[in-house]
Amino acid sequence: MKITTIGLGYIGLPTSVLFATHGHEVRGVDANPAVVETLNRGYIHIEEEGLQKLYSQALQSGSFEASLTPSESDAFIIAVPTPNKDDEHKSCDLSYVVSAVESILPYIQKGNLIIVESTIGPRTTEDVVQPILEAAGFTIGEDLFLAHCPERVLPGNIAHELVHNPRIIGGVTTNCTEAAKAMYGTVVQGELIEATASEAELSKLMENTYRDVNIALANELAKIGLDLEINALKVIEMANRHPRVNLHSPGPGVGGHCLAIDPYFVAAASPKFSPLIQTARKINTSMPQFIVETTSKLMASAPNNKVTVFGLTYKGNIDDTRESPAKEISEMLQFAGYDVTEYDPHVEYANIEIEAACQDSSLILVLTDHSEFKTIPASATQVMRQAQILDTKAIVKQHEGELFNLGNMYEQIRKIPQEM
Ligand code: SAJ
């Protein structure tokens, strides 16, 4: 098949490469000339394990080309960003999706298949995309096929997950589902689950909302534990021994481009009926402030105001700092007047010597669960003014000095006379 992909980001590029290495002829379109130029020179512009090798194969076989403009194809895949809008419920900003659909209109022919892979609010395919295509003279399900097939991959493992994860195929009509299923069936080995477009949209959003709500419950439990002086982490560990309980882990907040964004799309689409989802977002976005307040309490009798932040990325073992609660906390502490040193072996500017990062510090504040943080060497704690660690991700296993986490920190806080 001839396939045109609109948007060559974290999803669009790997998806294009996947189709190009499975016998299809792919034209990848991106609005950014620098991206197109880099790709046509043979290099990928995103960091993703194993992707460069696959991309080189696709280029060598002549099955992929990058371009600034679409061309006539059998299928079009839309994989452009959908950020939050700056409105009351942070609804889904569809402007890139709408422009992408409009950009392919001159190239669409009868019999073509249009796929939206971008994460979109519930009902968008039917209420927004379908009318644009119909206004151009097509009848969906008869002479043009339209489906929403959300991606559900974990950054860092995209090449594997694109092939092996089950894939939801949400057609506007059953003909649309069949057409999309036939195309994905050429590359996906996981189950292809048939659905309507609206079911597919809401399913993808609820997967991430499920995690966000559960993390909020764990974060609320951490606050309750501090208030009642009960070790919340011990409670979680024991409760999870029950065969039907899976309490998540509390932490400094929820980052990334999915959990911190997608729940708003559901809430914005149905604000009256989504109080739980909205409250969960509020709890999770309150965590950086909670950690800053807790840090202030632990620092109340410290010999100086130096704090060393361990980890800046939004989760462990990645280099991505976008939407990262760790960065937010570091900035809030600096704003509050603390002398903050940032240390993160995965972030170039903060990849300094651990001893230099901890020199004269009164607190190591662990905000990301990088594997490197399982052991904090004595050489780091020995150069501190006060060897005290607050581990918000419960990752530290070996250390010297005093270690507190979101379960047991009340032990220390109640000992210190509080000013606040
Ligand atoms: N977090 C906690 N406590 C937990 C688990 C996670 O505080 O118990 C935090 C993490 O530290 C991080 C955030 O939540 O800040 C999100 O991390 P994550 O690993 O749960 O999710 P993402 O955003 O990296 O990827 C998710 C995945 N969705 C699910 O697992 C349901 C992935 O499969 C999706 O493809 C991706 O979102 C997406 O694109 O939607």
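Biologist: Which of the 20 residues around the ligand come nearest?

Modeller: Val153, Lys204, Asn208, Arg211 and Tyr314 do. A residue is near a molecule or strand if one of its heavy atoms lies within 4 Å of it. Bear in mind that this is a predicted model, where local features need pLDDT of at least 70, side-chain atom pairs count only at pLDDT 80 or more, and totals for chains, interfaces and linings use all residues. Residues are numbered from 1 along each chain as its sequence is written, and side-chain values use heavy atoms, leaving out hydrogens and water.

Biologist: What makes the pair between lysine 204 and the ligand a polar contact?

Modeller: A polar contact is a pair of N or O atoms within 3.5 Å; within protein, one must be able to donate a hydrogen and the other to accept it, and residues adjacent in sequence count only if both atoms are side-chain atoms. An N or O atom in the lysine 204 side chain is 2.6 Å from a ligand oxygen atom, so the pair qualifies. Valine 153 uses a backbone N or O atom, 2.6 Å from an oxygen atom of the ligand. For lysine 315, a polar side-chain atom lies 2.8 Å from a ligand oxygen. The protein buries 85% of the 790 Å² that the ligand exposes when taken alone, with accessible areas from the Shrake-Rupley method and a 1.4 Å probe; for residues, only the protein chains shown count as cover.

Biologist: Why does the ligand lie between domain 1 and domain 2?

Modeller: Because domain 1 (2–204) and domain 2 (287–413) both give residues to the shell around the ligand. Those bounds come from an automatic or database domain assignment. The two domain centres, taken over C-alpha atoms, are 40 Å apart. Four residues from domain 1 and four residues from domain 2 make the contact, meaning heavy atoms within 4.5 Å.
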